[in-house]
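Please take a look at the protein below and keep the sequence and the 3D view side by side. We will walk through it together, one place at a time.

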Amino acid sequence: MSRPSARTSDPATAPRAPVTPLRQYVLKLTSRCDLACDHCYVYEHPDQSWRRQPRLMTPDTVEATARRIAEHATTHRLTAVRVVLHGGEPLLAGAARLATTATVLRRVIDPVTRLDLRMQTNGVLLTAEIADVLVAHDIRVGVSLDGDRSANDRHRRYANGASSHDQVRRALALLRRPAYRSAYAGLLCTVDLANDPLRVYQALLAEEPPRIDFLLPHANWDRPPARPDGATTPYADWLLTIHRRWLADGRPVPIRLLESLLATATGGSTGTEAVGLAPADLVVVETDGSFEQVDSLKSAFHGAAATGLDVFRHAVDEAAAHPGIAVRQTGLAGLCATCRSCPLVRRCGGGLFAHRYRSGTGFDNPSAYCADLAALIRATAVPAGSPQQRPVDTLPPAVLADLGSGRGGPGSVDQLAAVHHGIARALTVALSPAATTDPVAAAGWHLLVALDVSAPDAVDHVLTHPFVRRWAQRCRAGATGDLSHLAAVAAAAAVRAGVDAELVLPVRAGAVHLPTLGAIMVDTDAAAVPVTISGGGVALRAGRRRVRVRPAVGPHPDRWRPTRAAHTGDGTVLLEDTDPYRDCFDLPVAARLTPAVADRWTRQVRRAVDRLDTEAAGYAAGVRALLRAVVPLRPDPSGRSRSAAARSAFGAVAVTPVADDAALAVLLVHEVQHLKLDAVLDVCELFDPADARRLRVPWRDDPRPVEGALHGVYAHLAVADVWRHRPGAEAAAHHRRYREWTDGTVDALLDLGSLTADGERFVRRMRATLDGWR
Ligand code: SF4
Ligand code: SF4
C-alpha cells in the first residue's frame, strides 16, 4: 500500500513553506479506552498503530515532551500554547498520574509561556477526586456526548454493548457544580444522520455546556460518508437544522463549527482545521513519545499519521517541518486544483485534511464532504449583523452611539427588540430538558416545537411577552413547580395560530391563564384541567358548566378575563392586570380592574403614547417598539406617582394611577429608558462588573452602584428632554432639576475609571446631548 503523507502521494514533492510554529499539542496520556465506540477513529479505522503503543505515557516521556514544547515556545516567542491530554481515554491514567502529569507540564512550560491545559475525555471515569485534580491544576475538560440516550447509545457503548449514557451524564452533573464549573470546557458531538438533529441539540443544551462542537464522522473517498436514500447534502441539512434553531434561540451557547462558518463569512479566522485556510498548528505526541500528525489521519490508512520523529531525538521545529504537517500550513497552495479554483475555497479550505484522502491520489482531492461543505457555506453566507439571520450579540458602534444620546431611532430600538427576542427564546429553550420530567410541561413543549415550525410568529409573540420571559427566568432559577406553565404558553400560541390541540393546563389562583390573552376562571381544586383548543378558541369544564372562549371574537362568558389592550396606532400595549407573573416589581400590583376603570387606563395609555410623537419624538420609537404591557399598581399611600420596570419582565412598565396623560407619558419614557439600557447591557459591557464602588447621586439618599447610577442618568436625561419641550415655568423647573441631576452624575461616571471603552463612548454621547442643550 502506498503511504502518501501530503497532498501528493510522494512527500518529497509536497510544497515546502517556512515553518509555522506549533501552538497545540495533543498528548496521548493513554493508548487504551474503557469504551468501544464503533465510530472511533483510534481503534475502528484502518490505522491500528495503537496496538504497539505502551498503555500509558511514562513520566520521562511527559517531561521530555514538556521540554520540547517549552523549547519551541521560547524559540518562537509564543505567548501561549495549548496542551490537550488525550487517549484512548486519558482518565484511565487515574487521578494521581493525571496530577503528576499536570504538575510536570506546568513546572516546565508555565515559566516560558502561558499554558492552556485541557483534556478530552469520554467522561465515564470522571469522579469528584478527578474533578479536584482538574480544578487544582487548572485543566479544562471537554466531554464527548452524541446527544440524548438513544443517540449516544448508537455508538458510545462499552465492549459488552452496555450504554455509557448514565455515567457521562453523572460526570456532566459533577462538572456543573459550582466547585468544578471552571473545569467544564464543553461537549464534543459526532454527527450521525440517524439521530434527530433537534433532539441532539436539546440534549446537548441541557448539559449547560460552555461550548459545543460538532464533528463530521471521519470519512474519505475510499470510505465515503453514508448518504441514506441518495441524499446529496444530508450532513449540511442536518447541521443547518440545528443552525436555524440555534440562531432563532439567540445562540444560547457557542457552537464551534457554526461560529467558524459565520467567522469565515466575514473574513474572520476559524480556530479550527475543519473549515477555512488557517495554517495547521497542531502535533500529536503518542504514548511512546513519537510525534504524529493530526489524529484524524488514522481514518485514512495504516501509519498515515506517523512522522518517524519523537520527543527524545527531535525538536518540535523538525516535526513542524515534516511534509505532512507543513503542507497543512501552506493555505491555498496545499490544496488540490479543484479546491484552488473553487469560489468557496477561502471559507471552506478544502475541509478537514483527513477527509480528502483517496487511494492513488492521496490527499490531493477535495473533501469527501465537498457537497455538504458547499451547502453549509452557502446557507451561512449572511451579511454580518443581518438582524433577520443573526440574533444580536453585540451592538454596532453607530447603534450604541444613537442610543447613548439618550434617544434612539427605529433601527436602533429594533436591535434592542431583537436582543430581547433572542434572550426570551433562549430562556424557554433552556427549560425544555427539565420540562420533559413534567407531563403537563412536556406536552406543552412538544406543541410549542411543532408550532414553531408552522406558526413561528404566534410563538414569538407569546415567548416575547414580558411575563413569559419572567416565568422562564424564575424556572431557570429553580422554580420547577412553575414548569407546567409551559403548557399555557403553548396553548396561547396555538390559539393565536388557530391550531387545534388537546392539552392539560395548570390552574393557578382559581384560573387557567393564557399569556397575552387572558384567564378563564374555574371552580376546581385540581392543579390542572384538560382543555380543547380549536378554531382559535379554548373549551374546558369550569365547575359544572362547559366554557368556551374565543379571545379574538367574543362575546365573552362571565368566566373569561380577557387581557385588555390599548391600540396605539401601529401597535398594541396590553393592560396586564391578570397575568400571574406580573408581581415582579418592588411595588404592589393592582387587582383585576373593573371594565370602566380598565377602559380609562387603556385610553390614557393610548393618548400618552400618541403625544410622544409630537413632544418627544426621539423617545417615541423606543416606547412603541419596546413597550408591550402596562401593569397597573396600587395607588401609593403618599399620593405620589410611582413607576417601575424590571429586567426580567422586559417590555412591561408598572405605574400607579396618574392624574393625566402628560404625567403618564413622562413615566413611560422614564421606564422605557431603563428597558433600553437593560437590553444594551445584555449584549455590551459598559462598565467593570467587578467594580463595587458606589456613587453619591442627587436623586437618592443611598449611594448607588455604577449600574444604578448609569440607569438613573439615562432615565433622567430623557425625562429632562421631555420637559424641555413642554411650555411653561413649571416644565422649565422640572427640566432644570432633571438636567442638574444628570449633569453631575454623568461627569462622576466619566471620572470614575470604571467605564469600558464602549461605556465611555456611551456616556460621552449623553454628555454631548446635555451640552447640546446649552
Ligand atoms: S471514548 Fe473515544 S477513544 Fe474511547 S472508544 Fe470512544 S471514541 Fe474511541
Ligand atoms: S467546497 Fe469542495 S471544491 Fe470547494 S474548497 Fe471545499 S472541498 Fe474544495
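Which residues does His670 touch, once its neighbours within four places in sequence are left aside? The contacts of His670 are with Ala715, His716 and Val719. You can find His670 in helix α22, which covers residues 661-683. Is His670 buried or exposed? With a relative accessible area of 18%, His670 is buried, because buried here means under 20%. Keep in mind as you explore that this is a predicted model.

Now move along the chain to Leu755, in the loop between α24 (729-752) and α25 (757-772). Although Leu755 sits in a loop, it counts as buried, with a relative accessible area of 15%. Try displaying its surroundings: leaving aside neighbours within four places in sequence, Leu755 is in contact with Leu686, Phe687, Leu749, Leu750, Glu760 and Val763. For a sense of distance, pick Arg628 as well. Arg628 and Leu755 are 127 residues apart along the chain, and their C-alpha atoms are separated by 31 Å.

Let us step back and view the whole chain. The protein chain is built with 25 helices and 23 strands. Along its principal axes, the C-alpha trace spans about 90 × 65 × 50 Å. How does the radius of gyration fit with a compact globule? For 774 residues, such a globule would have a radius of gyration near 28 Å, and the 30 Å of the protein chain agrees with that. Of these 774 residues, 59% count as buried.

Contacts add another part of the picture. Take the contacts with a separation of 6 or more: 70% of them are accounted for by residues 24 or more positions apart. On the outside, the accessible surface of the protein chain comes to about 30,700 Å², and 52% of this surface belongs to carbon and sulfur atoms. The chain also carries 92 positive and 83 negative charges, and the mean positions of these two sets are 2 Å apart.

Next, let us look at some strands. In a regular strand the side chains alternate between the two faces of the sheet. Strand β11 (residues 511-514) has both faces covered. On one side are Ala511 and His513, on the other Val512 and Leu514, and all of these are buried. The partner of β11 is strand β12 (residues 518-521), and the two pair in the antiparallel sense over 4 bridges. One bridge to look for links Ala511 with Met521 in β12. The hairpin of β11 and β12 has 3 residues between the strands, and there Thr516 takes a positive phi near 80°.

Strand β17 (residues 564-568) has one covered face and one uncovered face. Arg564, Ala566 and Thr568 make up the covered face, while Ala565 and His567 are on the uncovered one. Antiparallel to β17 runs strand β18 (residues 571-575), joined to it by 5 bridges. Within this pair, Ala566 has Val573 of β18 as its bridge partner. The hairpin of β17 and β18 has 2 residues between the strands, with Gly569 at a positive phi near 75°.

Another strand to visit is β15 (residues 545-549), the place of Val547. Val547 is buried, since its relative accessible area is 3%. Val547 and Arg559 are 12 residues apart in sequence, with a C-alpha to C-alpha distance of 7.7 Å.

Finally, let us turn to the backbone in some loops. Where does Arg77 lie? Arg77 is found in the loop between α1 (59-75) and β2. Although Arg77 is not a glycine, it has a positive phi of about 50°. Arg77 is also exposed, because its relative accessible area of 76% is over 50%.

Asp229 offers a second example, in the loop between β6 (212-215) and α7 (234-248). Phi of Asp229 is near 55°, a positive value in a residue other than glycine. Asp229 is exposed too, with a relative accessible area of 83%.

Our last stop is the loop between β2 (80-86) and α2 (94-109), where Gly88 is found. What kind of peptide bond joins Gly87 and Gly88? The bond is cis, with an omega of about 20°.

Note on methods: Residues numbered from 1 in each chain as written. Chains lettered and ligands numbered in written order. Heavy atoms only, no water. Rg over C-alpha atoms; globule rule 2.2 N^0.38 Å. Buried < 20%, exposed > 50% of the residue type's maximum accessible area, 1.4 Å probe, protein only. Contact = heavy atoms within 4.5 Å. Areas by Shrake-Rupley, 256 points an atom, 1.4 Å probe, with all protein chains shown as cover. Lys, Arg positive; Asp, Glu negative; His and termini not counted. Charge placed at Lys NZ, Arg CZ, Asp CG, Glu CD. Pairing = 2+ DSSP bridges.
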